[in-house]
Every structure is written in C-alpha cells, then in structure tokens.
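I opened a new notebook page for this one and wrote down what I looked up, step by step. Here is the structure I had in front of me.

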Amino acid sequence: MIGQNWTAVLYPAVLEFLIRYRRTVVGPAWLLIGPALFIALLGELYAHIGSASASKFIPYLTIGLVTWTFISGMVTASATVFQRARSQILQGGMSLSRIAAVEVITYVLTFLNQFVIVIAVMIIYGVPVSLYALVSIIGLAIVILNGVWVMRTVGVLGARYRDVSEIFQAIMRIAFLATPIMWMPGEGDQSAVMGKFLLLNPFYHFIELVRAPLLGYPISLVTWIITLSISIAGLLIASALTSRYNRFVALWV
C-alpha cells in the first residue's frame, strides 16, 4: 500500500517535470543553463562589488541561488496549485493533499537537477567537504516539509482569493533582494541593524539550513529555533485551515 501511494505521487510528479520541457531541444538542461550563465557572468562582478574573493563568494552565491529558486518556486506556485489542477479536482481523481504533494516533488526534482551546478562549482573552487555537509540533507528535509504546508495553506487561500498570487509574487521579488544571496552579510552581520534584519528574515534561515553545512559553517541555534518553530506552526495552521475549507475548494476553482 505504501509503495502504491508513493507511486501515485511520484509518477505524476516526474511526468509533470518532463512534460514542461517535452518540445525543447535540451529538455531539463534549461534548468542548468540559466543559473550557470548567471553565476559565470555575474559571479565575479558581484564578488568584486562585495569585496569578497571569488573562491568564497561564488560557492556562496551558487548554493544560495539554487536553494532560493527551489523555495521561491514552491511559494509562488502554491497560490495557483489548485487553480491549475481544476480538472482533477472537479473529476475527483486526485485529493488536494496529493495534488500539493505532486507539486512539491516536482520542485524537488528541479532542485536536484540544478544541484549539479552546486557540485561543479564546489569542485572548481575547491570547497572542502566533510561529513558535516550531510547536515544539509536535514535542512533540505525541513525546507520540503515547509513547502508541503505552504502549498496546502496558500493553495486554499489562492483558490478563494485570486489576488493572493499577485501578492506573493510581489513579496518574493522583494524578499530576493532582501535575502543574502547576491550579497554576503560580512563580518558585521551581528551588528544591531544587520543582526535584527537577518533575524527577522525567514528565507535567510531556511537557505542557511542548506548552504551553511555545505560551506562548512555551523548553523546557528537561532536558525534552528526559528525554522523548526515555523515548521510546527505552519503544519498546525495547514491542518486547521484545510480541514475546515478543503470541501469548498471545488466550488472556488
């Protein structure tokens, strides 16, 4: 039964991942070309602007960019996930939980595809890797867990209110610039202003769960507390919201 449940979710996710690029020449390789060009062409420039060495900044940029693409993709897609699955919902072929799970797994596959760039950059710039880097797997699992509750919660809100999609797209554009991806906090990141700024930015903490172990940096206790607290609160909110409003989604879409 467990195997059948996994197949029912994994198969449509893989199919959806491949269908997106079925008429392109290089297929899913397009997921590598865009970030690779950005890093190759602008990585050195941003390194000089931030007065950091390329060997330190470019791996930092690469992991941050790939992880951000994964997180932002799930967040922005969550607002329209049930709208796009209107036919499956009305036909009763897939439950809302399964639709959300398929969407999340599709973005996990995208992340794994783009992680090839991270491996290449770490090899090129000689980033030392230890067993501590495996902690990033735990961080990735926490990110995925949050993607599930965001997909379910925002999906319900997006089905009811179409403006939710535009609101989240605007928020994510601002959050990208406000999160240390193309810039590094520097030595003064614990100063009063920068410290509070990073403390209140949840995206920074979720990215650090994946990026810090790969670069050999410890994950701060504050980051663990914030991300786990958000995870627990989010799952509770998702459970309460979906149990109350799931039955209305078919009417809203």
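My entries below go from the whole chain to helix pairs and then to single residues.

**Entry: the whole chain**

I began with a reminder to myself that this is a predicted model. I looked up the helices and strands, and the protein chain has twelve helices and zero strands. Read along the sequence, the pattern is simply α-α-α-α-α-α-α-α-α-α-α-α.

Next I checked burial. The chain has 253 residues, and buried ones make up 45% of them. I also looked at who touches whom: of the contacts with a separation of 6 or more, 76% are between residues 24 or more positions apart.

**Entry: α7 against α10**

How far apart are the axes of α7 and α10? I found 8 Å, with a packing angle of about 165°. Helix α7 covers residues 135-160, and helix α10 covers residues 202-215. An angle over 145 degrees counts as roughly antiparallel, so that is what α7 and α10 are to each other. The crossing of α7 past α10 is left-handed.

I then listed the residues that meet. From α7 come Val-135, Ser-136, Gly-139, Leu-140, Ile-142, Val-143 and Asn-146. From α10 come Phe-206, Leu-209, Val-210, Pro-213 and Leu-214. Sorted by class, this contact of α7 with α10 has nine nonpolar residues, three polar and no charged ones.

I noted the spacing on the helix side too. An α-helix has 3.6 residues a turn, so residues three or four places apart point the same way.

**Entry: α3 against α10**

Helix α10 has another partner on my list, α3, which spans residues 54-78. Here the angle is about 135° and the axes are 9 Å apart. That makes α3 and α10 oblique to each other. I noted a right-handed crossing for α3 past α10.

On the α3 side, the contact uses Pro-59, Tyr-60, Ile-63, Gly-64, Thr-67, Trp-68 and Ile-71. On the α10 side I wrote down Phe-203, Phe-206, Ile-207, Val-210, Arg-211, Leu-214 and Leu-215. The tally for α3 with α10 is eleven nonpolar, two polar and one charged.

**Entry: α6 against α7**

Back to α7, this time with α6. The two pack at about 140°, their axes 9 Å apart. I put α6 and α7 down as oblique to each other, with a right-handed crossing.

Helix α6 brings Ser-97, Ala-100, Glu-103, Val-104, Val-108 and Phe-111 to the contact. Helix α7 brings Leu-140, Ile-144, Gly-147, Val-148, Met-151 and Arg-152. By class, I got eight nonpolar, two polar and two charged residues for α6 with α7.

**Entry: Phe-111**

I picked Phe-111 in α6 for a closer look. Is Phe-111 buried or exposed? Its relative accessibility is 4%, so Phe-111 counts as buried. Leaving aside neighbours within four places in sequence, Phe-111 is in contact with Val-66, Thr-67, Phe-70 and Leu-140. Phe-70 is 41 residues away in sequence, yet the C-alpha atoms of Phe-111 and Phe-70 are 5.8 Å apart.

**Entry: Asn-146**

Asn-146 is in helix α7. At 6% relative accessibility, Asn-146 is buried as well. Which residues does Asn-146 contact beyond four places in sequence? I found Phe-206, Thr-227, Ile-230 and Ser-231.

**Entry: α11**

Then I turned to helix α11, residues 221-245. I tried a length check: at 1.5 Å a residue, its 25 residues should span 36 Å, and the end C-alpha atoms are 36 Å apart, which agrees. The buried residues of α11 are Thr-223, Ile-226, Thr-227, Ser-231, Gly-234, Ala-238, Leu-241 and Thr-242.

Ile-225 also sits in α11. With a relative accessible area of 47%, Ile-225 is partly exposed. Its C-alpha lies 9.7 Å from that of His-205, and 20 residues separate Ile-225 and His-205 in sequence.

**Entry: a loop residue**

Last, I looked up Gly-126 in the loop between α6 (96-124) and α7. Gly-126 is exposed, since its relative accessible area is 53%. Gly-126 and Pro-59 are 67 residues apart along the chain, with 9.6 Å between their C-alpha atoms.

Technical notes:
Residues numbered from 1 in each chain as written. Predicted model: local features only at pLDDT ≥ 70, side-chain atom pairs only at ≥ 80, totals over all residues. Heavy atoms only, no water. Axes fitted to C-alpha atoms, helices over the stretch in contact; angles between N-to-C directions. Helix = DSSP H or I, 4+ residues; strand = E, 2+ residues; numbered from the N terminus. Parallel < 35°, antiparallel > 145°, perpendicular 65-115°, else oblique. Left-handed = near helix turned anticlockwise from the far one by under 90°. Contact = heavy atoms within 4.5 Å. Nonpolar A, V, L, I, M, F, W, Y, C, P; charged D, E, K, R; others polar. Expected span 1.5 Å × (residues − 1). Buried < 20%, exposed > 50% of the residue type's maximum accessible area, 1.4 Å probe, protein only.
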